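Okay, everyone, thanks for coming. I'll put a structure up on the screen and then talk you through it.

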Amino acid sequence: MELVELAQSHQKIILEIGFGNGENTSFLAGKYPNALIIASEVYLSGIGSLLNSIDQNSLSNIKIYDDDVRELLLKINSEIFDEIYIICPDPWPKARHHKRRLIKHNFLKVMAKVLKKDGTVYISTDWENYAESIEEELEAIKEKFSFKKISNEGMPVTRFQQRAINEGRAIHTFLLKVLKK
Ligand SMILES: C[S@@+](CC[C@H](N)C(=O)[O-])C[C@H]1O[C@@H](n2cnc3c(N)ncnc32)[C@H](O)[C@@H]1O
């Protein structure tokens, strides 16, 4: 079934981008049993971990998309998502690689197009320099989103967040709200 058709049969649709081992995906699926969670990841071992969790926790509301999420989003021409989660996007810490970062204003624009009215994007990074660049990208597209920095209390700690905590790095979390009339 096409994603847009699936969206019509669910009141709430959540997209998680780059779920890693799927800790947050399983958490969301349990928290919102009536929602459909579209979980995107290209890392095969992570997909295996999420499949195990789906099996062990009898989760029936997750669909895995195992390819580049940008390809998926470019194919969607309607507002279908209520919430999008991106936790620890690849940091590309070297300055010459910053252009590869996912959170750029062009990608934010693509997300704004597929979000429903009042839809939100939760972005959490463990790299201070990436957090600064996210604020700059948001500034460049402030007609599309309002945003605030929030605590990630109450959310599960993912593998990459745990690594950052172990290494003494802070987690920077943003909650974006799409601006639509
Ligand atoms: C640093 S890891 C974070 C994983 C997990 N969210 C966590 O916090 O532990 C970033 C993940 O995003 C995935 N990723 C990067 N670009 C992606 C894309 N365009 N589409 C889907 N997944 C992507 C990578 O495969 C990687 O597993």
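I'll start at the ligand, go on to two helices, then the strands, and finish with two neighbouring residues.

One thing before anything else: this is a predicted model.

So, the ligand. There are 21 residues around it, and the ones that come nearest are Gly 18, Gly 20, Cys 88, Thr 158 and Phe 160. By type, that shell splits into ten nonpolar residues, six polar and five charged. Which helices supply at least two residues each? Those are α4, residues 69–75, and α7, residues 159–166. Of everything contributing to the shell, α7 gives the most, with three residues.

Keep α7 in mind, since it turns up again with helix α2. That helix covers residues 23–31, and its buried residues are Glu 23, Asn 24, Thr 25, Ser 26, Leu 28 and Ala 29. What sits over them? The cover includes the strands β1 (13–17), β2 (36–40), β3 (62–65) and β4 (81–87), along with the helices α3 (44–56) and α7.

On to α3, then. It has 13 residues and reaches 18 Å from first C-alpha to last, close to the 18 Å expected at 1.5 Å a residue. Its buried residues are Gly 46, Ser 49 and Leu 50. Look down the axis of α3 and those buried residues fall within an arc of 95 degrees, so they line one face of the helix. If you want the general reason for that kind of spacing, an α-helix has 3.6 residues a turn, so residues three or four places apart point the same way. And what does the buried set of α3 pack against? The answer is α2, β2 and β3. Turn to the other side of α3 and you find Leu 44, Ser 45, Gly 48 and Asp 55 exposed. One backbone detail here: Ser 58, which follows α3, has a positive phi, near 50 degrees.

Now the strands, and here β7 is the one to watch. Strand β5, residues 115–125, pairs with β7, residues 172–178, in the antiparallel sense over six bridges. If you want a place to look, Ser 124 has Thr 173 in β7 as its bridge partner. Strand β6, residues 145–150, also runs antiparallel to β7, and six bridges join them. For that pairing, find Phe 145, which stands opposite Val 178 in β7.

Last stop: a pair of residues in helix α6. Ile 134 lies in this helix, which spans residues 128–139, and Ser 133 has its place there too. Which of the labels buried, partly exposed or exposed fits Ile 134? It's buried, because 24 other C-beta atoms lie within 10 Å, and the cut-off for buried is 20 or more. Ser 133 has 18 C-beta neighbours inside 10 Å, so it counts as partly exposed.

Their contacts, leaving out residues up to four places away in sequence, go like this. Ile 134 touches Ile 103, Ile 123, Thr 125 and Phe 174. Ser 133 touches His 98 and Arg 101.

And for a sense of distance across the model: the C-alpha atoms of Ile 134 and Ala 39 are separated by 22 Å, with those positions 95 residues apart along the chain. For Ser 133 and Ala 164, 31 residues apart along the chain, the C-alpha separation is 18 Å.

That's my tour; over to you.

Notes
Residues are numbered from 1 along each chain as its sequence is written. This is a predicted model: local features need pLDDT of at least 70, side-chain atom pairs count only at pLDDT 80 or more; totals for chains, interfaces and linings use all residues. A residue is near a molecule or strand if its C-beta atom, placed from the backbone, lies within 6 Å of it. Helices (H or I, at least four residues) and strands (E, at least two) are DSSP runs, numbered from the N terminus. Ala, Val, Leu, Ile, Met, Phe, Trp, Tyr, Cys and Pro count as nonpolar, Asp, Glu, Lys and Arg as charged, and the others, Gly among them, as polar. A residue is buried if 20 or more other C-beta atoms lie within 10 Å of its own, exposed if 12 or fewer, and partly exposed in between; C-beta atoms are placed from the backbone. Two residues are in contact if their C-beta atoms, placed from the backbone, lie within 7 Å. The expected span of a helix is 1.5 Å times one less than its number of residues. The arc is that of the directions from the helix axis to the C-beta atoms. Two strands pair if DSSP finds at least two bridges between them.
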